[in-house]
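Colleague: I am new to this structure and would like to take a close look at a single part of it. Could you guide me through that part slowly once we have it in front of us?

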Amino acid sequence: MKPPIFSTHGCRLNAYETEAMRDLTQGQDNLVVVNTCAVTAEAVRKARQDIRKLRRENPNARLVVTGCAAQTEPETFSNMAEVDNVIGNTEKMNRATWGFLPDTEKVQVDDIMSVEETAGHLIDGFGTRARAYVQVQNGCDHRCTFCIIPYGRGNSRSVPAGVVVDQIKRLVDKGYNEVVLTGVDLTSWGADLPATPQLGDLVLRILKLVPDLPRLRISSIDSIEVDPSLMQAIATEPRLMPHLHLSLQAGDDMILKRMKRRHLRDDAIRFCEDARKLRPDMTYGADIIAGFPTETDAMFENSLKLVEDCNLTWLHVFPYSARQGTPAAKMPAVNGKDIKTRAARLRAAGEAQVRAHLASRVGLTHNILMENPRMGRTEQFTETLFDSDKPVGQIIPARVIGTEGTRLRA
């Protein structure tokens, strides 16, 4: 029997759910699954290319397309001759779906907005041998004008704290030294639970009830929604790693308003300053969009300057890509060449920030979690190279002696 083949596009959450699908499809034969991303039009184009390639390589397999792009535009994929089934983000987490694929209609995509739970497919141990990822939240209640994701993921749903803590305890028992909390809109965690706890409450509870967990990370957050308990954790909990990835998107107030974001430029700067005062070794990553509709040169300069004003290190730069069905797609577009130029300038600014960060680490001792025998990551998530093999999954204290490209050398 040939095990199912999976191809995953997009975010860490998709990768998490692919691992869940591996479990759900055990016993299936001659199956190819493409787990798509809908963030950009380019992501959808790449998924279509991947589908054609996988069909050529597996002419007799049942080819199933799922994920956010399948949820938001199922007809795009059902019209492809290479595709046998299109299933939505809810259906892909249901074991029964996989058992009856040959006998069901080609498209199975229900109303994602009607989904009210997210804990059914929790799995233990997704990740590398070094770290595990735990999904604590799914969906999003916000409606940023550029974003299609709420229509692929539905409204925000939270995993109860007790379920999260129990899973992390099991992961620690399996030997994991680092756990990463993931979600679509992580700072909305708890709003739909009894007593409406907040993300900081969950973080503090995990660190209290799982004392043997050496390192806890949180993935991308919305800085304007950070609660006092999370700031307390940043200030007082050394096991919470000093690296935050921020969903900033722009640095100009008018563009932020047109994006329907919930923060302004000064809010982002203030948060970065406040968190770094509490934790001086804090580093930041950020998502920034280049060339959002109506963005002028002056507006872009505000976004570019935000890299320095917030002292951002790890940038994820997205050239704006219109998503059909979003309000931003109807706004006056920026010239494509200007978008590319602005994206390149943002990336160059990010590269300069990385060089400065690396130089500031030389001579310091870090606790480095080994991802493979010769490479691990510092507390700030900086890749660090070694000249000799180290035990994968272990935390190694080491002095940084230099830099190599975008990495440190210990």
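How many bridges join strand 14 to strand 15, and in which sense do the two run?

Modeller: Please keep in mind that this is a predicted model. Strand 14 and strand 15, the latter covering residues 375-377, run antiparallel and are joined by three bridges. The connection from strand 14 to strand 15 is a hairpin that passes through two residues, and Asn372 is found opposite Met375 in strand 15. Strand 14, which spans residues 365-372, also pairs with strand 17, made of residues 395-399, and this antiparallel pairing extends over five bridges. Within strand 17 it is Pro397 that stands opposite Asn367. As background to reading such a picture, the side chains of a regular strand alternate between the two faces of the sheet.

Turning to the side chains, Arg377 lies over the face of Phe381, at 4.1 Å from the ring centre. Elsewhere in the model, Arg143 lies over the face of Tyr151, where the distance to the ring centre is 5.6 Å.

The structure also holds three aromatic pairs. In one of them, Phe146 and Phe292 meet edge-to-face, with 6.4 Å from centre to centre and 85° between the planes. Phe146 lies in the loop between strand 7 and helix 6, and Phe292 in the loop between strand 12 and helix 12, so this pair ties together parts that are 146 residues apart in sequence. Phe146 counts as buried at 13% relative accessibility, and Phe292, with a relative accessible area of 0%, is buried too. Together with Tyr320, Phe146 and Phe292 form one aromatic cluster.

Key. Residues numbered from 1 in each chain as written. Predicted model: local features only at pLDDT ≥ 70, side-chain atom pairs only at ≥ 80, totals over all residues. Heavy atoms only, no water. Pairing = 2+ DSSP bridges. Helix = DSSP H or I, 4+ residues; strand = E, 2+ residues; numbered from the N terminus. Phe/Tyr/Trp six-rings, centres within 6.5 Å; stacked < 30°, edge-to-face > 60°. Buried < 20%, exposed > 50% of the residue type's maximum accessible area, 1.4 Å probe, protein only. Lys NZ or Arg CZ within 6 Å of the ring centre and 35° of its normal.
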